[in-house]
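Grab a pencil and work through a few short exercises. Try each task before you peek at its solution.

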Amino acid sequence: MLKQIYRLVLSTLRHVLSGTVADETVKPDAEQWKAFFHVCCSHSILALAADALPPERIAQWTAPPAERLLAAYADRARAEILSQANRTGELCLLYRYLRSKGLHPLVMKGIVCRALYPDPEHRPSTDEDLLVKPAEFQQLH
């Protein structure tokens, strides 16, 4: 079953990146939905995956325990988005501070890659990389 879940997760992410809605022919049962959300959480991509899933698709799974579980995952997705937005804001503040000190940092990877996503704050990152010229490095301390 795990192989099917990972296929569903990858398919869902493909839909997010292409701006399309996830395949309606795949109909996960309650256990598969639970495994799907667990995998998304473990990879910090819950907010991304939720973008490709229309609410009516998830509403197929309507048992009361499922509603509580879906609400918990929705809360977690919102928390991921808020946390990412805060980290992005902190990076912007640091970047502006370094520029105000006459330094020329270069932003690498993460925040630049987020620009490739339909909703950049839905792409998680746990750190950001700044490259500083060797001649400017001593000014950081």
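The exercises below go from the overall fold to single residues, and the model is a predicted one.

**Exercise 1.** Work out how many helices and strands the protein chain has, and in what order its elements run.

*Solution.* Start with the count: the protein chain holds seven helices and two strands. Next, walk along from the N terminus, and you should read α-α-α-α-α-β-α-β-α.

**Exercise 2.** Find what share of the residues is buried, and how much area the protein chain exposes.

*Solution.* First, burial: 33% of the 141 residues count as buried. Then the surface: about 8900 Å² is exposed, with carbon and sulfur atoms supplying 61% of it. To finish, look at the contacts with a separation of 6 or more: 73% of them come from residues 24 or more positions apart.

**Exercise 3.** Classify the geometry of the aromatic pair made by Phe36 and Phe37.

*Solution.* Searching the whole structure turns up one aromatic pair. Its rings, Phe36 and Phe37, sit 5.4 Å apart centre to centre, with 75° between the planes. Planes over 60 degrees apart count as edge-to-face, so this pair is edge-to-face. As for their surroundings, both Phe36 and Phe37 are buried.

**Exercise 4.** Is Met108 buried or partly exposed, and which patch does it help make?

*Solution.* Locate Met108 in strand S1, which spans residues 106-108. Its relative accessible area is 33%, so Met108 is partly exposed. Patch residues need over 30%, and Met108 joins Leu106 and Leu131 in a nonpolar surface patch of about 260 Å².

Definitions and conventions:
Residues numbered from 1 in each chain as written. Predicted model: local features only at pLDDT ≥ 70, side-chain atom pairs only at ≥ 80, totals over all residues. Heavy atoms only, no water. Patch = residues over 30% accessible without salt bridge, like charges linked within 9 Å, V, L, I, M, F, W, Y side chains within 5 Å. Areas by Shrake-Rupley, 256 points an atom, 1.4 Å probe, with all protein chains shown as cover. Salt bridge = Lys/Arg side-chain N within 4 Å of Asp/Glu carboxyl O. Helix = DSSP H or I, 4+ residues; strand = E, 2+ residues; numbered from the N terminus. Buried < 20%, exposed > 50% of the residue type's maximum accessible area, 1.4 Å probe, protein only. Contact = heavy atoms within 4.5 Å. Phe/Tyr/Trp six-rings, centres within 6.5 Å; stacked < 30°, edge-to-face > 60°.
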